[in-house]
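Student: I have a new model open and would like some practice in reading it. Could we go through a few features together?

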Amino acid sequence: MNTARRTPLLTGLALVTAAATLAACGPGGGGGGGAGGGEPTDFTTAPTGELSAWAFDNADDVGEARMEYAAEQLADVDITMDQTSFDAQKFTTRVAGGQVPDVVQMDRRFVPTYAAQGLIQPLDACYETHGVEADERFYDFVVDDVEWDDQLWAVPQFYQPPAIILNTRVTEAAGLTDEQFDTSKPDQLLEAVAATYTAEGGTPTRLGFDPVATGQAGLWVLGMGGQLTDEEGRPTLDDPSNVAGVELLKQITDAQGGYAQVKSFSDAFDTFGDANQYVTDQVAAQVNAQWYPNVLSPYIGQVQLRAVPFRGADGEPFAVAGGSAFVVPAGAANPDAACAWMLALTELDAWEAAGEARAATREEDGGINTGLFTGSPEADQLVRERWVVETGDPGFDQVIATYYDVLDYGRTYGASPAGQEITNALNNAVTEALLGDATVEEALADAQHAAERAYENVTAEG
């Protein structure tokens, strides 16, 4: 699959936002105060007035049900939605010019960056006023994504873990068991790759295993025992523990004609279409986030699937906690209503409404309900128990169950003011190393220099 992955915002399948353009601003305020030296917000449980929200583009049945529910809870608030996409440069420009909405939806990797720059407000007092314990409502590793400098800076949503979807039509023909695709056992995994990889004239015609090397670089590095940041959020890309994950990626791609060939072949997949890589047997196995079974569900009868967890170096299932979040910009006119609205969107009753809406959609279109992966363990359990039913295809049922099984094995990428830059630098390093343009150690050292400069620039601003 190509590396242009998708991630849910208020929609089930929305495009990942581009990297942030950084802008200087004042430091964040303390407590529940507005950032940039403003007075603390006096949060209440009965907000009034007007509320403006931005970056709620392409809301699907899940998003619309939650927004309708939240609006009902805030009867005295007039909500205006800007449903255009989030744009990092536009966001910093709007904050600098004082023309900001009250709520913005964005990828969680941006949150510590904007917190360090004073572009968003801390929300500890927001949570406290409404009696919400973040670690009780959300998975703790999801909370870790939006916590920086001992404060909470956002209300998170969604967490769609990765797993390995197997094309059992191919693996069983090769005499392989599911367990042979075990990322914690490189020699065994490489044997499975060799047994299922095919090529003509040196060009791949089937990948034994598509690791989605740059799209999932953080998963591989962290899963194999590495670390992207230290406890302060400073990048640690040159840490020796990061070498193992990149070296394993190189072994996997080298066994299939090399990274350039693998990338060129996978970029041509009809990932969202009728000739996708499972229908056409272009992969035996591939790393995919939980949303991808939704794409494959119309092709039951044309595909034969099961799934196994991605396993860390210790042999245990391993996942990383990507997703989106709601923030309140510095200078927002109505942070009180923003606080109440964001929390309403993520409470259990909102997800129940979303679950009912998705179930009704699936009943109408005859599709498969693969569940909602919300970022909240209680909501995930409710949706699964009430609306995720057997599909009639045992393999597809096992795929859905696998994604639920790995939910508790998540880990944060590491909250950092340079989060997006760290991701970009790591992807560049992986590309450089897999192409053979540098050793793994050299590539990671170069990446560390780039990420360190970004970190110093962000933390020095203001």
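Student: Let's begin with a sheet. In what order do the 3 strands of the open sheet lie, and is the pairing parallel or antiparallel?

Tutor: Happy to help, and please keep in mind that this is a predicted model. The general idea is that strands of a sheet pair through backbone hydrogen bonds, either parallel or antiparallel. Here the order is β12-β9-β13, in an open sheet with antiparallel pairing. The edges are formed by β12 (285-289) and β13 (305-308), each of which pairs on one side only. On average, neighbouring strands of this sheet are turned by 35° against each other, with direction ignored.

Student: Over how many bridges do β9 and β13 pair?

Tutor: Strand β9, residues 162-167, pairs with β13 over 4 bridges in the antiparallel sense. To find the register, look at Leu 166, whose bridge partner in β13 is Arg 306.

Student: Which helix packs on this sheet?

Tutor: That is α16, residues 394-405, which touches β9, β12 and β13. The direction of α16 makes about 25° with that of β13.

Student: How does α16 pack with α15, and at what angle?

Tutor: Their axes are 12 Å apart and the packing angle is about 160°. Angles over 145 degrees count as roughly antiparallel, and α15 and α16 are therefore described that way. The crossing of α15 past α16 is left-handed. At the interface, Asp 380, Val 383 and Arg 384 of α15 meet Ala 401, Tyr 404 and Asp 405 of α16.

Student: Which residues of α15 are buried?

Tutor: A general point helps first: an α-helix has 3.6 residues a turn, so residues three or four places apart point the same way. In α15, residues 377-387, the buried ones are Ala 379, Asp 380, Leu 382, Val 383 and Trp 387. Looking down the axis of α15, you see these buried residues within an arc of 165°, so they line one face of the helix. They pack against α14 (348-365) as well as α16.

Student: Now for another helix pair. At what angle do the axes of α1 and α13 cross?

Tutor: Helix α1 (residues 61-73) and helix α13 (residues 335-345) cross at roughly 135°, and their axes come within 9 Å. The two helices are therefore oblique to each other, and their crossing is right-handed. From α1 the contact involves Arg 66, Met 67, Tyr 69, Ala 70, Ala 71 and Gln 73, while α13 brings Trp 341, Ala 344 and Leu 345.

Student: Back to strands. How many of the residues of β5 are buried?

Tutor: In β5, residues 103-107, 5 of 5 residues are buried, and the strand is mostly covered.

Student: Which way does β5 run against β3, parallel or antiparallel?

Tutor: Strand β3, residues 49-54, runs parallel to β5, and 2 bridges join them. One pair to look for is Ala 53 with its bridge partner Val 103 in β5. With β15 (residues 324-327), β5 runs antiparallel, joined by 4 bridges. There Gln 105 stands opposite Phe 326 of β15.

Student: Which residues of β15 point one way and which the other way?

Tutor: In a regular strand the side chains alternate between the two faces of the sheet. In β15, Ser 324 and Phe 326 point one way, Ala 325 and Val 327 point the other way, and all are buried. Strand β15 is also joined to β8 (residues 155-157) by 3 bridges, and these two run antiparallel. In that pairing, Gln 157 has Ser 324 as its bridge partner.

Student: What about backbone angles? What is the phi of Asp 150?

Tutor: Most residues other than glycine have a negative phi, and most peptide bonds are trans. Asp 150 has a positive phi, near 65°. Asp 150 sits in the loop between β6 (147-148) and β7 (151-152), and counts as exposed because its relative accessibility is 73%. Asp 281 also has a positive value, with phi near 60°; its loop lies between α11 (259-267) and β12.

Student: One last residue: is Thr 253 buried or exposed?

Tutor: Thr 253 counts as buried because its relative accessibility is 0%. Thr 253 belongs to helix α10, residues 243-254. Leaving aside neighbours within four places in sequence, Thr 253 is in contact with Pro 211, Gly 258, Tyr 259, Val 262 and Leu 434.

Note on methods:
Residues numbered from 1 in each chain as written. Predicted model: local features only at pLDDT ≥ 70, side-chain atom pairs only at ≥ 80, totals over all residues. Heavy atoms only, no water. Buried < 20%, exposed > 50% of the residue type's maximum accessible area, 1.4 Å probe, protein only. Contact = heavy atoms within 4.5 Å. Pairing = 2+ DSSP bridges. Axes fitted to C-alpha atoms, helices over the stretch in contact; angles between N-to-C directions. Arc of directions from axis to C-beta. Parallel < 35°, antiparallel > 145°, perpendicular 65-115°, else oblique. Left-handed = near helix turned anticlockwise from the far one by under 90°.
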